[in-house]
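Work through these exercises with the structure open beside you. Try each task before you read its solution.

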Amino acid sequence: MLLILAAPLSWAQPLSEYSPPAGRQLIEKAFPEATELQPMEGNRAIQNVYAGDELIGYAYQSLDFVQTPAYSGKPLNAMVVLDTAGEIRAAKVIHHDEPILLVGIPESKMHEFTDQYTGLKADQRVTVGGTSTERKVAVDGLSGATVTVMVINEVIMRTAHRVGVEIGLIEGGKSNRPPMANVNSEQFQEKSWQELTGDGSIRRLVLTKGQVDDSFVGTPAEGIETADPGERDDILIELYAAYLDAPTIGRNLLGENQYQWLMSELQEGEHAIAVMANGEYSFKGSGYVRGGIFDRVQIRQFGDTFNFRDLDFHRLSDVYAGGMPEFSEMAIFIVRQQYNFDPGAPWTLELTVKRQTGPLDSEFQVFPLEYQLPDQYYTRPEPVLTEEEWLETQPLWIQVWYQKQFQITVLGLGIAVLLFILFFQDWLVQKPKMMRWIRHGFLTYTLFFIGWYALGQLSIVNVLTFVNSLISGFKWETFLIDPIMFVLWAVVAGIVLLWGRAVYCGWLCPFGALQELINEIARKLKVPQYTVPFAWHERLWAIKYIILLVLFGISLESMATAERMAEVEPFKTAITLHFDRTWPFVTYAVLLLVVNIFTRKVYCRYLCPLGAALALPTKLRVFDWLKRRKECGNPCRLCDKECEVQAIHPDGHINYMECHYCLDCQMTYFDDHKCPPLIVKRRGKRRGHNAPGHPEEIPVVQVN
């Protein structure tokens with residue numbers, strides 16, 4: 001790994017030439033007096049904003065710093081403008097692929113959301129929703145796009161803090177460190193040089209002349225002091241570093257007396273590091289003078305660098321580790337208290353190589369020797385964090401799950417109730433009145449809690465996103481970002497294997513629940529019902545599969561287009577946005593509900609691509625839970641006449657790919673006052689006609 005210190009020259013451009021236009025407009029809004037932009041030396045992703053010759057602020061695009069996936073699975077890009085005091089002057093999302101914002105919530109609502117960040121400091125903690133306190137600022141969310149705005153918040157504030165720290169507008173780094181590690185001063189084990197180098201107690205860096213020459217290629221020092229072709233593989237320096245405070249390292253290298261002397265020299269908070277080398281290049285340097293700084297080596301940790309002066313240096317001459325090679329130069333350097341050095345955190349010994357390009361000009365290359373003290377040498381106390389502080393350290397998806405504990409808990413309880421219904425359905429359906437109350441109550445829960453409150457309406461867009469992620473690169477974070485949807489999809493996956501598509505469509509789909517409840521009310525009001533002739537009915541089934549294939553094909557070319565075409569689903573309008581949309585979308589959703597008044601679940605049966613997608617794996621279900629008799633279909637046709645979604649064929653068999661698992665047929669199956677074969681059997685027992693072949697008796701035989 002090479003770190004090139006020479007930075008490329010920056011060039012300015014007029015603000016009027018900055019692209020994209022949305023970014024330029026935001027800068028003009030934040031700083032009307034701005035005239036030009038100039039990339040910052042050292043990080044060209046940050047634009048210095050000037051008004052004439054005066055630096056007035058900074059601008060950047062978030063995509064240059066973080067790629068946090070949003071609800072669509074793709075990162076969004078926000079433009080953020082900071083002033084020289086570290087305050088956000090303007091923020092705006094300039095590109096996204098969010099389906100809820102592509103076709104749904106107007107983008108103006110999103111811009112109103114980001115306007116809330118104007119005036120906030122880059123180091124403030126900002127949460128979406130809740131109440132502002134001394135430790136945090138709460139901004140108003142956006143109904144229907146909770147996950148999206150949480151990602152926007154994460155992107156804006158995380159990048160603002162990072163850029164603010166890098167520029168020096170706000171403090172950072174030390175406050176975010178873990179608790180200081182404690183070196184185990186009593187633990188000692190005799191080890192040889194080979195053992196110490198083998199377990200990482202001593203780390204090594206080898207540089208050849210060719211490697212160093214190659215690092216200067218493309219700089220003004222290219223070709224200066226280069227090695228002959230036959231010498232390129234010769235070692236310029238073989239450098240070793242070790243942390244001496246740990247007894248197993250220090251005592252084995254220095255011997256007991258020298259180690260005890262060194263430890264007595266160290267003040268509280270100081271640390272000793274051994275540096276040893278062979279080769280033509282000296283890490284101390286021939287130009288070092290008393291009172292000066294060792295300019296060829298320095299320590300870097302947490303982004304801070306520590307240089308060594310003559311008072312930080314001790315000669316290292318006597319060494320005792322068995323098998324240790326001879327070195328041409330050795331030294332002990334002391335890291336002083338003011339550097340707040342953490343022995344348990346990774347640090348780097350940086351070796352600088354200089355090439356003179358002129359009387360006063362030089363080029364530098366830095367070569368890092370990375371060091372991590374092995375775990376057995378230290379302990380680190382667990383940080384004492386408040387709940388809020390702990391949450392700040394977690395990934396965004398964990399923060400979302402934490403904030404939605406109530407919704408997840410209530411959803412879990414609802415799913416537990418549904419599983420109870422499914423596993424004990426044979427007992428429940430024998431109590432028809434209670435079963436109908438249970439079903440209508442659960443549908444109400446599905447509509448109001450899962451749908452309108454928790455926004456847990458699954459969509460064909462989720463299926464297309466999942467397939468697209470398998471093709472382009474699967475990431476769990478894409479799906480964990482919305483806990484309600486993740487839990488529902490996990491449950492649906494299990495349900496499809498055990499019961500098929502039917503259970504989701506009949507019990508857990510909020511729009512399906514809305515349709516069924518409306519149709520139930522219509523029936524109570526004696527609204528006439530129309531039954532689609534079965535010949536037409538089974539042909540209309542195909543429409544939803546055709547829609548699914550079209551959407552899938554489009555998604556392979558463009559997910560954004562597929563998301564727009566997925567508006568064939570009224571879910572976003574009726575459930576996610578609570579009918580708060582433009583009139584074409586509302587009209588379409590309301591029209592489907594009006595048709596549903598006269599014929600139950602027309603949309604679900606004939607148009608729903610999500611239902612089609614869930615129906616395809618239904619054939620893989622493990623069990624057939626719905627019971628049938630050999631009389632079903634011939635001669636008895638009662639169940640197929642009663643099935644509201646016409647999932648029972650005239651021959652009596654149930655089409656599980658179209659069934660919605662309402663359990664009406666099972667209530668009839670167990671009802672000896674309604675099921676014709678059971679009625680005949682009951683009458684025969686009552687009259688004493690139990691002999692086979694009685695003219696009033698239809699033999700009852702359970703098929704499954």
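**Exercise 1. Aromatic pairs**

How many aromatic pairs does the structure hold? Then classify the pair formed by phenylalanine 341 and tryptophan 347.

Solution. The model is a predicted one. It holds 30 aromatic pairs.
- Step 1: the rings of phenylalanine 341 and tryptophan 347 are 6.0 Å apart, centre to centre.
- Step 2: their planes meet at 65°. Planes over 60 degrees apart count as edge-to-face, and this pair is edge-to-face.
- Step 3: check the surroundings. Phenylalanine 341 has a relative accessible area of 1%, so this residue is buried. Tryptophan 347 is also at 1% and buried.
- Step 4: widen the view. Ring pairs join both residues to Tyr243, Phe306, Tyr339 and Tyr371 in a cluster.

**Exercise 2. A ring pair within one helix**

Find the geometry of phenylalanine 448 and tryptophan 452, and say where the two residues lie.

Solution.
- Step 1: the ring centres are 5.1 Å apart.
- Step 2: the planes stand at 85°, so the pair is edge-to-face.
- Step 3: both residues belong to helix H13 (residues 432-453). They are four residues apart, about one turn of the helix.
- Step 4: phenylalanine 448 has a relative accessible area of 46%, so it is partly exposed. Tryptophan 452, at 23%, is partly exposed too.

**Exercise 3. Charges over rings**

Which ring faces do arginine 581 and arginine 621 lie over?

Solution.
- Step 1: arginine 581 lies over the face of phenylalanine 585, at 3.8 Å from the ring centre.
- Step 2: arginine 621 lies over the face of tyrosine 656, at 3.7 Å from the ring centre.

**Exercise 4. The faces of helix H23**

Compare the expected span of helix H23 with the distance between its ends, then map its buried residues.

Solution.
- Step 1: H23 covers residues 583-598, which is 16 residues.
- Step 2: at 1.5 Å a residue, the helix should span 22 Å. Its end C-alpha atoms are 23 Å apart, which agrees.
- Step 3: the buried residues are Val586, Ala589, Leu592, Leu593 and Asn596.
- Step 4: seen down the helix axis, these buried residues fall within an arc of 130°, so they line one face of H23.
- Step 5: Trp583 and Leu591 are exposed on the other side.
- Step 6: the packing partners of the buried residues are helix H18 (510-524), helix H22 (571-576) and helix H24 (602-606).

**Exercise 5. Threonine 159**

Is threonine 159 buried or exposed? List its contacts.

Solution.
- Step 1: locate the residue. Threonine 159 is in helix H4 (residues 146-167).
- Step 2: its relative accessibility is 1%, so threonine 159 counts as buried.
- Step 3: leave out residues up to four places away in sequence. Threonine 159 then touches Tyr60, Ser62, Phe65, Val66 and Glu154.

**Exercise 6. Strand S4 and its partners**

Trace the pairing of S4 with S3 and with S5.

Solution.
- Step 1: S4 spans residues 43-51, and seven of its nine residues are buried.
- Step 2: S3 (residues 36-40) pairs with S4 in the antiparallel sense over five bridges. Methionine 40 stands opposite asparagine 43.
- Step 3: two residues separate S3 and S4 in a hairpin. Glycine 42 in that turn has a positive phi of about 95°.
- Step 4: S4 and S5 (residues 54-61) run antiparallel, joined by five bridges. Alanine 51 has glutamate 54 as its bridge partner.
- Step 5: S4 and S5 also form a hairpin with two residues between them. Here glycine 52 has a positive phi of about 70°.

Key:
Residues numbered from 1 in each chain as written. Predicted model: local features only at pLDDT ≥ 70, side-chain atom pairs only at ≥ 80, totals over all residues. Heavy atoms only, no water. Expected span 1.5 Å × (residues − 1). Buried < 20%, exposed > 50% of the residue type's maximum accessible area, 1.4 Å probe, protein only. Arc of directions from axis to C-beta. Contact = heavy atoms within 4.5 Å. Phe/Tyr/Trp six-rings, centres within 6.5 Å; stacked < 30°, edge-to-face > 60°. Lys NZ or Arg CZ within 6 Å of the ring centre and 35° of its normal. Pairing = 2+ DSSP bridges.
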